[in-house]
Amino acid sequence: MMYSPAMTRLIHYPADKAYTFKQEVVRRLRELPGVESVSLAKGQGLVWMTKDGDDRATLPGRTYARPQDEPSIFVKPIAPDYFKTLRIPFVSGRDFNNSDKPGSPPVTIVNETFARQILGDRLPLGRTVLIDDEPYQIVGLVKDAQLRSALQKPVPAAYVPFWRDPTLLEARMCIRVTGDPAAALPMVRKTIASIDPEVPVTEAMPLMDQVRGAYTDARVASAVLTCAAFLALILSAMGLYGVVSYEVGRRTKEIGVRTALGSRPHDVLRLFLGQGFSVVLTGVLFGGGLAFATTRLLGAWLFGVGSADPLSFGVATAVLLAATVTATYLPARRALRVDPMVALRYE
């Protein structure tokens with residue numbers, strides 16, 4: 001399941017004709033095979049949003065010393081099924097419906113951040129809020145939708161009925177389809193062209209492509225850090241191999257003594273492997289604890305992986321242990337093949 005948004009511009013349409021056209025587009029698209037849900041929204045793309053909203057909200061009767069002190073919010077006109085299409089779950093209340101039309105009482109659906117910061121109420125249904133000095137009744141509460149990155153906290157958002165404003169000339173279609181959304185775009189274009197071939201469809205792009213574009217900087221930084229981490233791991237393994245291998249090699253005389261005194265080869269190997277593992281495991285435990293604490297500080301920069309990702313920690317530990325086994329086994333095995341009398345004279 002994926003989203004497939006597109007945009008129609010009705011610059012040369014009168015308001016009443018644009019209103020009828022958009023309703024017909026939604027009706028036709030909902031009848032297409034493979035289309036699960038369709039909705040409309042006004043404004044910027046689904047993932048490109050600025051940090052601060054341009055609208056203001058407050059409670060009736062609440063005053064501020066300066067107008068700019070009034071909390072800023074995002075106001076987004078949306079059509080019914082917007083939350084269903086984008087899979088934004090409802091906490092309580094209802095979605096917009098056909099009764100939210102021109103002339104109907106102004107209503108709004110707010111997100112949890114809006115309810116907490118503006119209203120101080122987790123269950124605000126039925127309350128009245130002033131949005132740009134116009135009173136709206138809250139009829140729904142939805143979860144916060146993180147549309148950018150974890151570095152930006154969710155912002156207060158108020159959704160208002162798309163169909164209540166008949167003057168909107170711009171609409172972004174939100175379409176959820178089964179299968180490949182890119183394959184559905186020609187069908188969407190054809191359907192809109194069958195209603196009016198003069199209306200262009202622009203910015204036709206699957207939502208995942210929008211998300212990838214919004215996260216380009218994070219993906220580049222992730223690739224650079226991954227390469228740096230991989231290089232650091234390889235250098236650590238090489239350094240560990242060199243130190244352990246040298247330490248085992250300089251104990252060739254000790255190996256000869258142990259062999260001469262009757263120690264079996266596998267006992268000698270087990271002894272040296274155990275000593276090597278004890279040193280490395282101590283380093284892994286201390287280093288892993290430090291790495292875990294550090295990654296928790298960087299958690300906001302991580303995408304698609306937790307700060308305590310077991311795979312990352314497991315791979316690093318496995319590589320270092322493998323380097324230790326190799327660095328211990330090869331010199332010890334080589335020393336065991338030397339005649340004990342020769343090993344006793346080893347310098």
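**Surface, rings and charges in a predicted model**

A nonpolar patch of about 520 Å² lies on the surface, made by Phe230, Leu231, Ile234, Leu235 and Met238. The model described here is a predicted one. One member of the patch, Phe230, is found in helix H6, which covers residues 216-249. With a relative accessibility of 57%, Phe230 counts as exposed, because the cut-off for that class is over 50%.

Aromatic rings come next. A search of the whole structure turns up six aromatic pairs. In one of these, the rings of Tyr82 and Tyr159 have their centres 6.1 Å apart and their planes at 45°, so the pair is tilted. Tyr82 belongs to helix H2 (residues 82-86) and Tyr159 to strand S10 (residues 157-161), so this pair links distant parts of the chain, 77 residues apart. Both tyrosines are placed out of reach of the surface by the accessibility rule: Tyr82 is buried, and so is Tyr159. Another pair is formed by Phe162 and Trp163, whose ring centres are 5.2 Å apart with planes at 90°, so the pair is edge-to-face. Phe162 is buried, and Trp163 is buried too. Ring pairs also join Tyr82, Phe83, Phe90 and Tyr159 into a cluster.

Charged side chains offer a second kind of pairing. Side chains of opposite charge can pair when their charged atoms come close. In this model, the count comes to eight salt bridges. Among them is the bridge between Arg27 and Glu31, where the closest N and O atoms are 3.0 Å apart. Arg27 is partly exposed, at 40% relative accessibility, whereas Glu31 is exposed, with a relative accessible area of 53%.

Arg30 and Asp81 also meet through their side chains in a salt bridge, with an N to O distance of 3.2 Å. Arg30 lies in helix H1 and Asp81 in the loop between S5 and H2, so this bridge ties together parts that are 51 residues apart in sequence. Arg30 is partly exposed, with a relative accessible area of 42%, and Asp81 is partly exposed as well, at 25%.

A further salt bridge brings together the side chains of Asp100 and Arg94, at 3.1 Å from N to O. Here the two partners fall into separate accessibility classes: Asp100 is buried, with a relative accessible area of 5%, while Arg94 is partly exposed at 30%. Salt bridges can also share partners, and in this way Glu24, Arg27, Arg28 and Glu31 are joined into one network.

What is the relative accessible area of Lys76? For this lysine the value is 17%, and Lys76 is therefore buried, since that class takes in values under 20%. Lys76 lies in strand S5, residues 72-78. A polar atom of the Lys76 side chain lies 3.3 Å from the backbone oxygen of Lys42.

The backbone has some details of its own. Most residues other than glycine have a negative phi, and most peptide bonds are trans. Arg87 has a positive phi, near 60°, and is placed in the loop between H2 and strand S6 (90-93). Asp133 also has a positive phi, near 70°. This aspartate is found in the loop between strand S8 (128-131) and strand S9 (134-142). At 64% relative accessibility, Asp133 counts as exposed.

Another loop residue is His12, found between strand S2 (6-9) and helix H1 (15-30). At 79% relative accessibility, His12 counts as exposed. Its C-alpha atom is separated by 9.4 Å from that of Val199, although His12 and Val199 are 187 residues apart along the chain.

Finally, the cysteines can be considered. How many disulfides does the structure hold? The number is zero. Cys174 is buried, with a relative accessible area of 1%. Cys227, by contrast, counts as exposed, at 55% relative accessibility.

Conventions: Residues numbered from 1 in each chain as written. Predicted model: local features only at pLDDT ≥ 70, side-chain atom pairs only at ≥ 80, totals over all residues. Heavy atoms only, no water. Disulfide = S-S within 2.5 Å. Buried < 20%, exposed > 50% of the residue type's maximum accessible area, 1.4 Å probe, protein only. Helix = DSSP H or I, 4+ residues; strand = E, 2+ residues; numbered from the N terminus. Phe/Tyr/Trp six-rings, centres within 6.5 Å; stacked < 30°, edge-to-face > 60°. Patch = residues over 30% accessible without salt bridge, like charges linked within 9 Å, V, L, I, M, F, W, Y side chains within 5 Å. Areas by Shrake-Rupley, 256 points an atom, 1.4 Å probe, with all protein chains shown as cover. Salt bridge = Lys/Arg side-chain N within 4 Å of Asp/Glu carboxyl O. Polar contact = N/O pair within 3.5 Å; in protein donor to acceptor, adjacent residues only side chain to side chain.
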